[in-house]
Amino acid sequence: MAERSFAREVQDLKKRAGEEFSGEGILAITKALLQSGVAYVAGYQGAPISHLMDVLNDAKDVLDELGVHFENSASEAAAAATLSASVMYPIRGAVTWKSTAGTNVAADALSNLASGGVKGGALIVIGEDYGEGSSIMQERTHSYAMKSQIWLLDPRPDLPSIVRAVEEGFELSEVSNTPVMLEVRIRSCHVHGKFICKDNRKPPFTLQQALEQPVRDANRIVLPPASYLHEAEKIEKRWPAALRFIKERKLNEFFGPERGTVGIIMQGGMYNGVMRALQHLGLADIYGESKIPLYVLNVTYPLIDDEVAAFCAGKSAVLVVEESQPEYIEQAINTILRRHDINTRLAGKGPLPMGGEYTASVLLKGIGDFLVEHTPALLGNRPPLPDPNPVLQHDKVRALAKVVPQRPPGFCTGCPERPIFAAMKLVEQELGPHHVSADIGCHLFSILPPFNIGATTMGYGLGPASASAFNVKAAKRPISVMGDGGFWHNGLSSSIGNAVYNQQDGVIVVVDNFYSSATGGQDLPSSRARNPRRSTNNSIVDAVKGVGVKWVRQIDRTYDVAKMRDTLREALTTAETGPKVVVASSECMLNKQRRVRPLFQKAQRDGKRVVRERFGVDEDVCTGDHACIRLSGCPSLSVKHTDDPLKDDPVAAIDDSCVGCGNCGDVSEAAALCPSFYRADIISNPTWLDRALAKLRSAVIGFLQNRRAGARIAFAD
Amino acid sequence: MDDLARSTETLAADRPFGIAILAMGGQGGGVLTDWIVALAESQGWHAQSTSIAGVAQRTGATLYYIEMLKARDGLRPILSLMPSPGDVDVVVAAEWIEAGRSVLRGLVTPDKTLLVASTHRAYAVSEKEKPGDAIADPVAVTEALGVAARRVVAFDMEALAQRLGTVISAALFGALAGANALPFPREAYVAVIRAGGRGVEPSLKAFEAAAAHASQGGVAPIERARAKRLDALPLTAGHPLLERLLARIRGEFPDPAHALLYAGVRRLTDFQDADYADEYLDRVGRMAKLDNSAHGWALTGAAAKYIAVAMAYDDIIRIADLKTRGSRFDRVRREVRAAPNQILYMTEFMHPRAEEIVGTFPRGLGQWIENHRGAFRFIDRLVNKGRRIRTGTISAFLMLYFLGGMRGWRRRTLRHAQERAHLERWLDIAAAQAAGNYALAVEILNARRLVKGYSDTHARGLSKFDRVMAAAPLLTNRADGARWMRLLVASALQDEAGTDLDGTLKTIATL
């Protein structure tokens, strides 16, 4: 089970009609799903939607009471395929993942789903991981919606709008027999706000009913001739039905005056930022009053042609605020204007940049430039705009810019993956640099200093697959890395099976830390914890052997750097051909500490004998060469200036956040670094034997120490 | 236009209160954000927070943003999901360089922003991994804040929180209260912490202490680096051998060098004995004779420092001696915060190789073994492995104690002979330059900084040093020779492999 508890959030899911919900956007979506009578939820965790999965994982009683089935899918493809329950039956279902990474994986199932269409509402909650804080390639989900004809909702980023989008999204899906994507950006997922709840609803038609009275209709299956029928149906039936619903229910919103010389069309998600920019320009207030007509697309696909045409008609210019590229919406609006022969000037990419997150500053500048060009009078006597440049151009601030270091995310304190890459660095010192194919997961932090290991990353579970071409005779073998998350997601077949079948003569390191750690510490098939509702403790080694790998080594303690190094060396040099798989296993320290620390503290309080380990550095032994840091990068292993006038450079120092993982000792041993490190074993609540031994030892040792100190001719300190 | 003019008058002038929080993953930025939102809501305000945690929670820099506004009947404000320059009333930075980052992000404006920050440093990997000193200058942050912020309240909140057994978020919350950053009464803050339910008492203590500190305002003093301890020459030392050393310093050396020479003789009596410190003074004296007051005794100063460093080389005897001292046992107890009723044992991680072992052999024997690779490899196979030594147990202690007691033997060892020869070669190079290119001679002495570390790292440092020394003759006749020598040392400290150094050496070869 994930080591974090979401018990408090689960209470929010139980709220009744009229009660106020106060919390994060992604949690509001979770509650809205239950209010909409959803019968099943599935998904694959990942920022920014992990929370939805985590909370439902802890919400067994709520789900059981409503009869909702919840599943942690093996991948986004599995999650998307789950929606097929809504194809033949009037059952509402929702799935979620991080996009576009997850949508890429799900694309096969999504195309099939969208082709045949759905009977029950099918909602895909998309965490659009774009802009600051994103961990993936910068792309749009929009194109998936267009190519497969899936409706795309992009509600204003406040909780009532988002909740409404969930509820009406299901209705829209049902009236148009089309799956619906609900796109929420990173900040919207994490926005704290409030809405008034409705009661949760049991699904009116259950999964049991479907199983017991199965229905089939060959026309829903993607095979000719039905597939041709599907395309015609998309154009002739589903599209017009969707347009009708969106218009009737006024899913898109209009704000500000009805008429004006200019107007702004925006994605719903851009609304708050646009309003703040208009406020700075003196054209709007914080309560939503606007002097400029605004057309807010809470549905960004499809567009409602006549709404767009009516909004643009009579205006000299309209600005489209559409984040990221290509500018599909702007292109579509241009087409609409041409078809309606409306000559309103359309601006978008131009005043606004083609790529990058539309931050407050970007919007302020873009909207300001648009207004200056098309309706300067509206800006009146122009209040001074906030401008950081005078500060940023100041000498002292420019001097600061040269000093402030980057601070990218990295391995946590005590991370068990650190020694794997320390060992890899040691092997490379012996055998020279190798081509290393990396994967997705915490282990990708190896590409950063101090390890600087890893050449490419091609996708989740695709690390070893991306070494496929290097299956040629050479003096060095390719190394590839994959986490347990990637392994179960896709890696077992696409990477391991692929390597076995093609007799790939490379080294594959599977980083097994018992959780899907990068996404928040969720369980996996190979997790070591017992989880009553999931099958865990499935061995990666067995799975690897099961698909035919002959050379497999299991390392049960990654902190054993010497063993790790020797195993890697053997894998790189053995005469054995075919894939060499090293499964390196140790528990994710972040989750281990969540699990172990409360137990430790309780035992200590209860007077039980407990031993805490942590590391330290003898600063008079350390010479400040920092070789240890270049093999670690641990946040708790740092440096400090000393007052020793004979030392120029800062010495290594370990702070109290050290969890005693052992990496420092093992690395300095394996790399023959230096004798500065010590491990301190601090025994709380010692037994009488501990105390007696300690007394004896310190008597003897103390005597010898005093003897030598007394004989030493030295200056007083 | 009439329509528009009218609608302008209907625009409300209300502006939200913006708070940006810059923290690193694991610092509790999320907790602080939740507290501030709960605080605002408890006082009848609308509040909205956002964050972009993502993978940045893994030790990376993270930004949280809160906007809030006093509620008006029936009106819902539209609040921004990200800070924009000019909107931020308060910036909270949970670390000093993060405070600097908030300025670079344009969040801090001189007409508006109160900055509440902890002055402690958590170094980035790029600051820690360099072989030299790459720690960012914290004074640059202080100076930029003087330009950028309306007001700054800053002190070490991490230390305060640690002392009171809690995390920095509670101290930051207290500092907000003490600095009157938000228009809410102190009791409302306390109520929010109490409602949180976890670790309430330590949190409240840190909150109160930080609030008291912050109410005095201002920025706690921050220095580039810790001041070096340069004790004045004492009048007496309590032992004739030591008195003799003091008398020599006083009689044979210029005043400006006294403090460093005293540090040097202290180190060398501690390393070996008073005779060895005498030898040290002889060597520095050789340089001092080439020096005069016209140059401010720079050569003597550099000699005093680096000859001491070179003579107190790190051998097994030294390590064993340092590891077994009573003062060291006490220091470790303090460092790991062991309570009096807790028992503490240390485990040392040693990995001697044949080089280190043979180094302690008598010079002749050691030399013979080094010249016979077979014998050397045999010894290496015997000794070269990681050894974990539990210093607190009697047998392990005795072994180290015995090794540490081999000081009397040291002058006869192979290592000593090697160190001595290397030292003399280096001093000859410096002495040769002193008359013709004084500044270069000083920098040749300063280059000793490159020799550090153990085993492979030591060998690499030594090889860099030797390469730098080999370039010295090329610089003899150059007026800017000293500048080039400084550049060589700086580039040698840039990376472990010496790539940067190779570049500088190539440039020098083309001069």
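This tour visits a strand, a sheet and a helix in turn.

The structure is a predicted model, in which local features need pLDDT of at least 70, side-chain atom pairs count only at pLDDT 80 or more, and totals for chains, interfaces and linings use all residues. Residues are numbered from 1 along each chain as its sequence is written, while chains are lettered from A and ligands numbered from 1 in the order in which they are written.

**First stop: strand β18 of chain A**

Select residues 507–512 of chain A, which form strand β18; helices (H or I, at least four residues) and strands (E, at least two) are DSSP runs, numbered from the N terminus. Six of the six residues of β18(A) are buried, where buried means that 20 or more other C-beta atoms lie within 10 Å of a residue's own, exposed means 12 or fewer, and partly exposed is in between, with C-beta atoms placed from the backbone. A:Val507, A:Val509 and A:Val511 point one way from the strand, and A:Ile508, A:Val510 and A:Asp512 point the other way.

Next, add residues 479–483 of chain A, strand β17, which is parallel to β18(A) and joined to it by five bridges; two strands pair if DSSP finds at least two bridges between them. Here A:Ile479 has A:Val507 as its bridge partner. Then add residues 580–585 of chain A, strand β20, which runs parallel to β18(A) over six bridges. In that pairing A:Val511 is matched with A:Ala584.

**Second stop: a sheet with strands from chains A and B**

Display β21(A), β24(A), β8(B) and β9(B), which in that order make an open sheet of four strands with antiparallel pairing. At the edges are β21 (610–617) of chain A and β9 (387–390) of chain B, each pairing on one side only. Within the sheet, β21(A) and β24(A) (residues 677–684) share eight bridges, and A:Val611 has A:Ile683 as its partner in β24(A).

**Third stop: helix α15 of chain A**

Select residues 328–339 of chain A to see the twelve residues of helix α15. Its buried residues are A:Ile329, A:Glu330, A:Ile333 and A:Leu337. They lie on the same side of α15(A) because they cover an arc of only 95 degrees around the axis, the arc being that of the directions from the helix axis to the C-beta atoms. On the other side, A:Arg338 and A:Arg339 are exposed. Finally, select A:Asp341, which follows α15(A) and has a positive phi, near 55 degrees.

How values were computed
The expected span of a helix is 1.5 Å times one less than its number of residues.
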